Amino acid sequence: MDARPRNVWVDGRILPADGPHLSVFDRAFQLGDGIFETLRARSGHVTELPQHLARLHRSAHGLELALPADADERLRTGIADLLAAEGLDGAVGDASIRITISRGAYRVRGVLPRDEAVPVTMVIQAWPVPATPASHLERGLHLIASRVRRDPTSPLATLKTTSRAEYVYARLEARRAGGDDALFLTIHDHLSESTSANLFIVRVAADGVQELATPSLDCAILPGTTRSWLLAWAPRVGLRPVEGLLGTADLTAANEAFLCSSVAGILPVTRFDGAPIGDGLPGAWTLRARADREAMIRDVDGATP
Ligand SMILES: Cc1ncc(COP(=O)(O)O)c(C=O)c1O
């Protein structure tokens with residue numbers, strides 16, 4: 001069974017995980033009116049914290065959600081305090097962290113937030129990172145196409161908001177179909193992303209060059225921190241990075257495919273809607289990318305405290 005946190009951090013205080021923390025009036029609970037980030041930490045060092053905080057501010061801006069001026073400092077301190085309280089700051093501590101910020105507890109009804117004086121609610125949670133199931137690395141993930149489509153013209157398409165019903169729906173679709181996760185397509189039939197990760201393929205281009213290709217930011221994707229790291233990693237290892245419009249045929253014709261996120265890392269994808277990708281086994285580039293990314297996370301001196 002997955003480890004259960006003993007504590008949570010709520011608005012500056014460490015509280016027992018099973019206690020009451022939030023008001024029923026909270027708008028993230030009522031309306032999904034909030035934003036979040038998921039991060040990874042090793043021995044108390046948070047990987048790419050500035051990038052995650054920048055994305056949090058971008059999501060806040062997109063939803064006109066006013067963060068306190070000292071939000072970053074409070075979150076940095078809060079993460080350190082919570083990791084210490086959970087015993088996840090030691091030499092072997094490998095943690096996943098979630099920051100959630102709600103617009104706050106509004107007593108007045110309605111969709112429009114009419115009381116600008118209500119402060120946001122800030123929450124941090126932390127869990128030990130469970131070992132990746134061996135089957136995910138040996139067999140790879142099997143994805144199915146979700147019936148939910150993503151609209152790249154939506155101003156919310158690239159924000160990390162707590163309105164996640166479509167993602168939950170897609171994940172349930174995948175489970176019903178016996179898949180590991182669902183892949184969203186855009187309304188224009190382009191590949192987008194999975195319910196919690198960005199997608200990459202490895203292929204040989206017409207000019208014979210090996211490419212690491214991923215849907216562009218025009219494909220209703222979250223601009224992932226791992227995605228950015230991979231696009232910078234590719235030329236260092238001899239792969240040409242490509243961001244573009246990809247279709248399902250590009251995925252099934254690829255030599256390799258993988259999903260990537262801060263918490264799960266890099267995981268091979270070996271089937272899409274039942275069709276094998278490449279030889280149907282996790283690819284060598286995928287496993288190398290995973291190993292290099294994990295090494296970067298373990299190298300706490302190189303990570304951001
Ligand atoms: C929908 C979605 N796409 C992509 C990602 C990957 O982003 P990152 O690499 O910053 O973790 C996530 C991570 O949570 C996600 O939820």
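Here is a quick briefing on the two domains, a few strands and helices, and one glycine in a loop.

This is a predicted model, where local features need pLDDT of at least 70, side-chain atom pairs count only at pLDDT 80 or more, and totals for chains, interfaces and linings use all residues. Residues are numbered from 1 along each chain as its sequence is written. The protein is assigned domain 1 (7-128) and domain 2 (134-298), with bounds that come from an automatic or database domain assignment. Helices (H or I, at least four residues) and strands (E, at least two) are DSSP runs, numbered from the N terminus.

**Where the domains meet**

- The centres of domain 1 and domain 2, taken over C-alpha atoms, sit 27 Å apart.
- Domain 1 puts 20 residues into the contact and domain 2 puts in 13; residues are in contact if their C-beta atoms, placed from the backbone, lie within 7 Å.
- On the side of domain 1 that touches domain 2, β3 (34-42), α2 (49-62) and β5 (94-102) each chip in at least two residues.
- β3 gives the largest share of that side of domain 1, with eight residues.
- By class, that side of domain 1 holds five nonpolar, 10 polar and five charged residues. Here Ala, Val, Leu, Ile, Met, Phe, Trp, Tyr, Cys and Pro count as nonpolar, Asp, Glu, Lys and Arg as charged, and the others, Gly among them, as polar.

**Strand β10 and its partners**

- β10 (residues 198-204) is mostly covered, with five of its seven residues buried. Buried means 20 or more other C-beta atoms within 10 Å of the residue's own, exposed means 12 or fewer, and partly exposed is in between, with C-beta atoms placed from the backbone.
- β10 pairs antiparallel with β13 (residues 256-261) over five bridges; for strands to pair, DSSP has to find at least two bridges between them.
- L199 has L259 in β13 as its bridge partner.
- β10 also runs antiparallel to β11 (residues 210-215), joined by four bridges, and I201 stands opposite A213 there.
- The β10-β11 hairpin has five residues between the strands, and G208 in it takes a positive phi near 85°.

**Helix α8**

- With 15 residues at 1.5 Å a residue, α8 (residues 284-298) should span 21 Å, and its end C-alpha atoms are indeed 21 Å apart. The expected span is 1.5 Å times one less than the number of residues.
- W285, T286 and A289 are the buried residues of α8. They fall within an arc of 100° seen down the axis, so they line one face of the helix; the arc is that of the directions from the helix axis to the C-beta atoms.
- A284, A291 and A295 are exposed on the other side of α8.
- The buried residues of α8 pack against β10, α6 (225-237), β13 and β14 (265-272).

**Helix α3 and the loop after it**

- α3 (residues 71-85) has 15 residues and reaches 20 Å from first C-alpha to last, close to the expected 21 Å.
- Its buried residues are L75, G78, I79, L82 and L83. They cover an arc of only 125° around the axis, which puts them on the same side of α3.
- G87, just after α3, takes a positive phi of about 70°.
- G93 sits in the loop between α3 and β5 and is partly exposed, with 19 other C-beta atoms within 10 Å.
- G93 and S43 are 50 residues apart in sequence but 4.8 Å apart in space, C-alpha to C-alpha.
- Leaving out residues up to four places away in sequence, G93 touches S43, G44, L83 and L88.

Definitions and conventions: Contact = placed C-beta atoms within 7 Å.
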